[in-house]
Amino acid sequence: MEQDCPHLLFYGPSGSGKKTLIMALLRQMFGASADKVKVENKNWKVDAGTRTIDIELTTLSSTHHVELNPSDAGFQDRYVVQEIIKEMAKNRPIDTKGKKGFKVLVLNEVDKLSREAQHSLRRTMEKYSASCRLILCCNSSSKVTEAVRSRCLNMRINAPTEGEIVNVLEFIGKKEGLQLPSGFSGRIAQQSNRSLRRAILSFETCRVQQYPFTSNQAISPMDWEEYVSEIASSIFKEQSPKRLFEVRGKLYELLINCIPPEIILKRLLYELLKKLDSELKHEISHWAAYYEHRLRLGQKAIFHLEAFVAKFMSIYKGFLIETFG
Amino acid sequence: MGKGKRNSGILISSSDDEEEDKDLPLKNNFRSAPTRKNPKRAKRVSISTSSSQHSASNGFDEELLLNDLLREKVQFVLRIKSNILPGQRAYVNSVKQEVKRFCEEFDQGFTQFKVTSGFGSNKDLWVQKYKPSLAELAVHKKKVEEVKMWFEERLRNSRDGSCSNVIIISGQAGVGKSATIHAIACHLGAELCEWNTPTPTIWQEHLHNSNSGICYMSKLEEFESFVERIRKYGLVSSSLTRESPKSIILLIDDLPVVNGKVSYGRLQRCLHLLLQSVRLPTAILINDYGKSESTDHNSRYSEELQLSLQNAGACKVTFNPITVNSIRRILSKICRLEELEVSDEQIDIIAKSSGGDIRHAITSLQYFSLKPNPMQSLPVLKRLSTYPEGKGNESSHLDNKYSLPYGKDATLSLFHALGKFLHNKRETVNLVSSDRDAMLLKEKFVRCPLKMENPELILSQAHGQARLIADFLHENVLDFVKEEAIEDAWIVATYLGDTDLLLGSLSGALCRNFEAENVIQSTAASIAARGVLFGNTSPVSSRWHAIRRPKLWEAEQSMWCNKYGMVTERRDVHSNINLSKLSVLATEFKPALKWLGHRVDEDVEGEQVRNEDDGMSLDEEDDEIEEW
Amino acid sequence: MAPVLQSSQPWVEKYRPRQVKDVAHQDEVVRVLTNTLETTNCPHMLFYGPPGTGKTTTALAIAHQLFGPELYKSRVLELNASDDRGINVVRTKIKNFAAVAVGSARHGGYPCPPYKIIILDEADSMTEDAQACLMPCGAPWRHTQKLQDSSSFVITSAGIIGMGMSLITGPIIEPLASRCAKFRFKPLTEEIMSSRILYISKEEGLNLDSEALSTLSAISQGDLRRAITYLQSAARLFGSSISSKDLISVSGVIPGDVVQALFSACRNGNFDMADKEVKNVIAEGYPVSQMLSQLYDVIVESDDISDEQKARICKKFAEADKCLVDGADEYLQLLDVASNIMRAISNMPQECSFGS
């Protein structure tokens, strides 16, 4: 294994342990020195033909690996991949006796890279494969081009099942010396949407809110989720342009707090679906998919979120009139 | 009043719409074409800029001004030329043609100027010639009084230095900021010491200079060194007070134009330095560009700058645009003095179209009087006056070049356009469907004919960018949709979404194709406008609505702010874990941390422990990896 | 390319045929090319066909057979289209390369004809602006004419499977068509694949049962390179004896029962059940695009769905696929697809009865 390490591509839903796994892997390859990382804000000047582009990126590096989020650079990600990675890959670590002659580059969110960036990524992979191994990490592998995928060993990381989450929570409970009422960890696991990180965070939150735990203790959802469910109920109450305007204000509120619009939309769909007839469910899920797609292509998320809300209002009002006259 | 600063009012107003790109280096040599008429001029150009640092001399050479104007033109052409990709020749050529035509027109005007200027022995521009005294100022009396009081007070106790010596005067271009200061200085018998934004260096000059060893100084650098000098040596006070016992007023006319956050930071620092160190009463004049119209950073920075200066103790006075009546009064006075026969109606139009910019109004009047036969353009003006707004700009479809110079690029007309789209006035009877049998539309697609011009025409007059229009419409349209018509709201929202999609397709394309971009821009704007018109089937009866500024802008700003904050936070707090995604941070860590309160430090460690726990829970996968 | 450690050399490279005649299954192409090689009269060539059928292999083999290892460096320019970006780079490289004229002295037993070869590999994955330059009037075409006597082009284009094929393969072919000899590479048949795979596994000392073998050729869909890559990955992870399950887990193909579970949930017509299945698919981390293509196979092959229903469903598949390519959310798209399948199977109307 040591000598023959291919490029790796980890993919799987959020909170399934990709990062943890990568860190563990690095630790095994390089020993404890992989843990000694420093965070830097690096500035690069990239020469892009007619002008130079300044790119600022946060990197996390140890002597053996560098981790970065190339997609933080927005639509300049192409240059990040091309130049920066190239430069890094060229600087091979110093070979003291018997040490591995390559550096590991951990790239997060490769699925958010533009197509051009992914193409240059693949070229980099080939060119510097002797001095550098890439570990790519992303949520969905279908957004990574075939060319990149075929050059990596693909590792699908599935989300832990609820049972597994319960086990982990109970393990933590034991370590921290906490009394867990029966079924409590199960409820946390249920709410966690199969994300372990989410589960542990809400576990800790519960611990802060109230301890000792009671078996019927409420597990509070994230504040933004509560906010979305408020939006949903206000949509159900009234369907009018005025209400739409109010909803817009609330959506702004969420966006300001950097909640990604697609996550807002998904959560909203989830809240709406809870209270609908199945016929409407089909319709609404269709429009949600439709507007989410447009949201990706457009620039201003609010336009499309609002259009979705308006569409829902319109459908729901029609439905109410039809049913109750 | 000012020197080469903005005397080019005529030129700028007419080339506004093509001025799209400013900051690309100038490469091509197009300079010879417009300047070839007078070989001497080219030489002068370089002279004038190399001496740009302290062009405080009031002795003003007319030809120099013209050179400045020409250079501006040339520079503009250069800007355009330097951007061309091979495919855009045609477009550029057409622009070039336009500019050239304009140059010719201008030259024509220029020659006539020489001829006609015979009757008034003075060759000055009227703006210069009719520089107002304190009593004549068109600015609101109260404001003038306020400023005057301030100066008097400062000059009286200039020695004690207890309070700040800086006054900021802001206002849109041509409302008489510098004129006021000049008049006051004159009135108080104080010496006026000016710093002007030096005229820009053009590329060839820069090349020439750098060859001959003179190094290039940016405007900002020049300003900085100026402030530094004042601070260190008290230059002005020492050198001038010896000669004249008079008191001195320092005037900083228009700050250097800067771009980007970094240079703004520099400018701000520099101004603060000035604020702290200056002993003389100092007036800083700041141009406000139409606030509502610009989403760009510059205006935001400029606002921030003013605020921070105010906080540092500077006094601020804002001048409003000058009323039409005052302008009219002054114009007719000038006409009287110049013995010009201009009808009241014409003066009225000039005054109205100036948008409160008196300098522009006077320049327009002068240009107007240069026409070989002023009466010739009268019909146009008459037609113009049928428009309620009386905007010269809006007559562009009349295709008359004389009408062009009167208009000022007015933000107001954007609001008119928005108002038209939002109010969505329609004929009550459907005339169209009855006589056109070929076009049978479904009931739900039929709309009554619009009670307005073609939406595209209105758009082109409003000069609004598609993005801007979409944002405004999006913010305001819901006010105009009837309570029960949620369906309409949806249709409108979808059309606005379409606009956004079109505009979104522009971003990210690094190689820019102007033609395509223009098409997309105008299509997007038209979809937004027409979508609003079509979608809103039954607009609310027209009661008065104020058009709000899109909240979207603020929301976006604060979003960026938060995002940036989160990135820094990620660096500080999560220094030992791997980089998490921003979305995860926002949706999971941040809310949780809110609950967990202030235990941030412990938290970092806690999370580390937990990370290892994660690893254990995923043993299966770990084993998988170990095997190979 | 930088030298690679022997042990980690991809098998795709290791087992690349070195001679034109060894290229599997492309009989006509091989026949014509062998002629070409004998006469050393090399026209411009355009290779196209699905990925993994031997286009690059053939191009490299020609070059090697014409010039031999010694002259190879100076006579052959390999340009990966994804190589350093701007078309300017490509242009200057080509120009500089072709500018030096060469003689035709025979060298070490190789024919060494008096021209150079430029291989533009994977022309379909060039950046958009590079393509824009390349396509209508760009480098290779002009250079092809100008430098005809000193260089010759081989363009391999991975055809149909790549994204946006109408955009890419079409325009590349058009301006070059009249000047290039076109060679179409057929997809490989299962027998050819199997024999090749068996050969490699024998060389590498792998144990491959017949089930695994057929699985491998099924999941690689006629793409030999992919098959070999899977094989190597599986060998890395699971050692020398490889089962069909191992291959599936390596390839990212979704196990049949997961697909079936989703499909039967859709059949059931219960929205919430389908929603749960969809969530499960996402949580398990299966790529939705892969899910779509497998679901598509299932639906097209099932007998109890009418053609009209199938058409309705497939239309939705196409839409969802496009959305995914645009970067839309996987959960929402899959949910939409599932909902459409449900509605189609239970013959619910397409249009909503409320609202509009």
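This briefing looks at one strand in chain B and at the cysteines of the structure. Keep in mind that the model is predicted. Strand 4 of chain B is mostly covered, and it pairs up with strand 1 and strand 3 of that chain. As for disulfides, a search over all chains turns up 0.

**Strand 4 of chain B: burial**
- Strand 4 spans residues 282-287, and 6 of its 6 residues are buried.
- Neither face is left open: one side carries B:Thr282, B:Ile284 and B:Ile286, all buried.
- The other side holds B:Ala283, B:Leu285 and B:Asn287, which are buried too.

**Strand 4 of chain B: its partners**
- Strand 1 (residues 166-171) runs parallel to strand 4, with 6 bridges joining them.
- In that pairing, B:Val166 sits opposite B:Thr282, a residue on the buried side shared with B:Ile284 and B:Ile286.
- Strand 3 (residues 248-253) is also parallel to strand 4, this time through 4 bridges.
- Here B:Ile252 stands opposite B:Ile284.

**Cysteines without a bond**
- A:Cys138 has no disulfide because its closest cysteine sulfur, in A:Cys137, is 6.8 Å away, too far for a bond; the cut-off is 2.5 Å.
- A:Cys138 is also buried, as its relative accessibility is 0%.
- For B:Cys561, the closest cysteine sulfur belongs to A:Cys258 in the other listed chain, and at 9.6 Å that is again too far.
- B:Cys561 is exposed, with a relative accessible area of 56%.

Methods: Residues numbered from 1 in each chain as written. Chains lettered and ligands numbered in written order. Predicted model: local features only at pLDDT ≥ 70, side-chain atom pairs only at ≥ 80, totals over all residues. Heavy atoms only, no water. Buried < 20%, exposed > 50% of the residue type's maximum accessible area, 1.4 Å probe, protein only. Helix = DSSP H or I, 4+ residues; strand = E, 2+ residues; numbered from the N terminus. Pairing = 2+ DSSP bridges.
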